[in-house]
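Here's a quick tour of a protein model, written for someone who is just starting to read structures. Have the 3D view open and click along as you go.

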Amino acid sequence: MIYLVFGIISVLAVYFFIRYKMLSRALERTDKELKEIIVAGLEENRILKKDVSSKELENLLITLNSLLGQIRSQRVLYQKREKEFQQQIENISHDLRTPLTAVMGYLKIMDKDSLNQEDRDNLDVVIGKTMLLKRLISQFYDFSRLTADDYILKTESVDIARLLRETLMGFYTELEEKELLVNAVIPDHPVWVVGDRDGAERVLVNLFQNVCRYGETIFSVELKAENGQVKISFINDVSGMKKEETEHMFQRFYVREPSRGDNATGLGLTIAQCLTEKMGGRLTADLEGEKRLKIELSLKEIK
């Protein structure tokens, strides 16, 4: 009798051990499949397959496949809404640019000589505000175009050192008015990178504009090439900034200090990052210490 009981226990132990190993392997395969689906992209309509007879595991896989289906549906819906949103921005920007162009034309042909000094000053203010509005509308339009899937930049060789020097000189007046202590380390010789000249110039302009908007007393720009990459560092001091804010700086419509009233759209750095990535580069931000904001542009070097 004792041997019979021992035999039954042994058989049950072997059965449950084999059952455990089968379930363990099935879960490992399921985990591997799930990771492959995530890596490959949720756009592929792959599902998790059941290869072991277990009601519990089958229910788990049914639930997981249902979740994958819901995630795919939400992703498709998000992409559709995002595309519609971009199209709306492009349409609104286009509709605003047409009458604005006409207004600017009329302002330019106005006879300033027939106006008194006060009216001339007022006209200059109106022209300045109109130019600002044009720039803001252009940012919205550029953002809608750049984030479209079919927008591709041409690849060419760009002398980024020369472009950086020219852009710096273009901002000389603004940096002087801001009373920033400028330190520039830019090679005199050509430094070639893979990119698009207009796109690279737009990135640099947006980065300089960010410095002019938020820089306080110092500004440093340095270009150096290392390990097949050309890196341009923009460093300026800021007050009251937290390190976690750097994670949001490239998000669309993010404005660090909305109450400043400087007509920022929160798209400048977003556009800069988008252009950089389309050129195969990277744009990152970091807070060094408590007051040194560093934005680094990296592009592939051509030797």
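What follows covers a small set of spots in the model, grouped by topic. Keep in mind that this is a predicted model. We'll look at a cavity, then two buried residues, and then a pair of strands joined in a hairpin.

**A cavity between helices**

- The model has 2 cavities of 30 Å³ or more, and the one to look at here is the second largest, with about 30 Å³ of space.
- Which residues line the second largest cavity? They are Met-104, Leu-107, Lys-108, Ile-127, Thr-130 and Met-131.
- Helices α2 (55-108) and α3 (117-146) each give at least two residues to that lining.
- Sorted by class, the lining has 4 nonpolar residues, 1 polar and 1 charged.

**Leu-269, tucked into its surroundings**

- You'll find Leu-269 in helix α7, which runs over residues 268-278.
- Is Leu-269 buried or exposed? Its relative accessibility is 9%, so Leu-269 counts as buried, given that buried means under 20%.
- Setting aside residues up to four places away in sequence, Leu-269 touches Leu-207, Asn-210, Met-249, Phe-250, Leu-283 and Ile-295.
- Try picking out Gln-209 too: Leu-269 and Gln-209 are 60 residues apart in sequence, and their C-alpha atoms are 9.5 Å apart in space.

**Asn-236, a buried strand residue**

- Asn-236 sits in strand β5 (residues 229-237).
- With a relative accessibility of 2%, Asn-236 falls under the cut-off and therefore counts as buried.
- What does Asn-236 contact, apart from its neighbours within four places in sequence? The answer is Val-211, Tyr-214, Gly-215, Ile-218, Phe-219, Lys-291, Arg-292 and Leu-293.

**The β6 and β7 hairpin**

- Strand β6 (residues 282-288) has a covered face made up of Leu-283, Ala-285 and Leu-287.
- The uncovered face of β6 carries Arg-282, Thr-284, Asp-286 and Glu-288.
- Why the every-other-residue pattern? In a regular strand, side chains alternate between the two faces of the sheet.
- Leu-283, on the covered face of β6, is also one of the residues that Leu-269 touches.
- β6 pairs with strand β7 (residues 292-300) in the antiparallel sense, over 7 bridges.
- To see one of these pairings, start at Asp-286 and look across to β7, where its bridge partner is Lys-294.
- The hairpin has 3 residues between its strands, and Gly-289 takes a positive phi near 75 degrees there.

Note on methods
Residues numbered from 1 in each chain as written. Predicted model: local features only at pLDDT ≥ 70, side-chain atom pairs only at ≥ 80, totals over all residues. Heavy atoms only, no water. 1 Å grid on protein atoms, 1.4 Å probe; cavity = no way out; pocket = protein on both sides within 12 Å on 5 of 7 lines; lining within 4 Å. Points joined across faces, edges and corners; volume = space filled by probe spheres on them. Helix = DSSP H or I, 4+ residues; strand = E, 2+ residues; numbered from the N terminus. Nonpolar A, V, L, I, M, F, W, Y, C, P; charged D, E, K, R; others polar. Buried < 20%, exposed > 50% of the residue type's maximum accessible area, 1.4 Å probe, protein only. Contact = heavy atoms within 4.5 Å. Pairing = 2+ DSSP bridges.
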